[in-house]
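The following exchange examines how certain structural labels are justified. Each label is set against its criterion.

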Amino acid sequence: MPQLSDIRPILQAINGLPGPLHDVIVDVATASTNALGPDLISLILFGSAAEGKVRASSDLSLLFVLERFQLDQIDPLRDTMRTAYSTARVRPMFLLHDEIQDAVGAFAMKFQDIVQRHVVLLGSDPFSDCQISREASVRRLKDELLNLSIRQRAQYISASLREEQLVAAIADMAGPLRVAASTILTLQQTPAESPKAALAIIVGHMGLSDTQQTLDMISTARELRTCPAGAAPDLYFHLIEITKKMREIADRL
């Protein structure tokens, strides 16, 4: 069974991870270990928190790798997980051990990001020998970018009458674009140090006007949920254009 005594030193080693989040994660890990027992194989912290780059608007992403998902084990976790979400925006993913390879193949872009940015808190590393084929990564990248393009158009219509809603849409769009950019550079065998850096590199090569200003406003929208007055519509359409150009890059991979 995973050992709880190992968690705090691991969390303390993540530079930039705020101390209050340590307590939230330990509470979740303790409740999970008590409720799930030997069916909890691994507990993984992934995404920006694993890099120590948590912002006020960031989610705290936790992956539970389980042997089984059973009612009598999961129900005792509900209060803890609700509290963890309300205090630290903890978003759990529950994955059965025998689903890992299928999940990696079906959601190659997401799991490529998890493989690159994760910290094992409890148990073994389920991704230590994980293989994501280039074909699966390219296919999923194209699917994700096409889906994002389609959603962008509908979201503009539904959100653009309220600027704060449009800024929230921009903030939500930044994450998938950064992961897609990171995937592109990885497939080109020129990986960046982070998804944020990857998007800066990709956008920098596009020859768009006001590139740095666009990147700065994306970061501000994502981290602070704000944007200069009146700037959100133009920024949103910049992101539509960036997504279109990234699809063109993906088509050439």
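Q: What makes the lining of the largest pocket divide into nonpolar, polar and charged residues, and how many fall into each class?
A: The lining holds 14 nonpolar, nine polar and 18 charged residues. The classes follow from residue type: Ala, Val, Leu, Ile, Met, Phe, Trp, Tyr, Cys and Pro count as nonpolar, Asp, Glu, Lys and Arg as charged, and the others, Gly among them, as polar. This is a predicted model, in which local features need pLDDT of at least 70 and side-chain atom pairs count only at pLDDT 80 or more, while totals for chains, interfaces and linings use all residues. Residues are numbered from 1 along each chain as its sequence is written, and side-chain values use heavy atoms, with hydrogens and water left out.

Q: Which residues lie nearest the centre of the largest pocket, and how many line it?
A: There are 41 lining residues, and Arg-117, Gly-175, Pro-176, Val-179 and Arg-222 lie nearest the centre. A pocket is an open set of points on a 1 Å grid over the protein atoms alone, where a 1.4 Å probe fits, with protein on both sides within 12 Å along at least five of seven lines; a lining residue has an atom within 4 Å of a point.

Q: Which helix gives the most to this lining?
A: Helix 8 does, with nine residues. Helices are DSSP runs of H or I with at least four residues, numbered from the N terminus.

Q: Why is the contact between Asp-23 and Arg-8 called a salt bridge?
A: The closest N and O atoms of Asp-23 and Arg-8 are 3.1 Å apart. A salt bridge requires a side-chain nitrogen of Lys or Arg within 4 Å of a carboxyl oxygen of Asp or Glu, so the pair qualifies. Asp-23 lies in helix 2 (residues 19-36) and Arg-8 in helix 1 (residues 7-12), so the salt bridge ties together parts that are 15 residues apart in sequence.

Q: Why is Asp-23 called partly exposed?
A: Its relative accessible area is 38%. Buried means under 20%, exposed over 50%, and partly exposed in between (1.4 Å probe, protein chains only), so Asp-23 takes the intermediate label. Arg-8, also with 38%, is partly exposed.

Q: What makes Glu-241 and Lys-245 a salt bridge, and where do they lie?
A: Their closest N and O atoms are 3.7 Å apart, so the pair meets the criterion. Both residues lie in helix 11 (residues 232-251), four residues apart, about one turn of the helix. Glu-241 is partly exposed at 29% relative accessibility, and Lys-245 is partly exposed at 23%.

Technical notes
Helix = DSSP H or I, 4+ residues; strand = E, 2+ residues; numbered from the N terminus.
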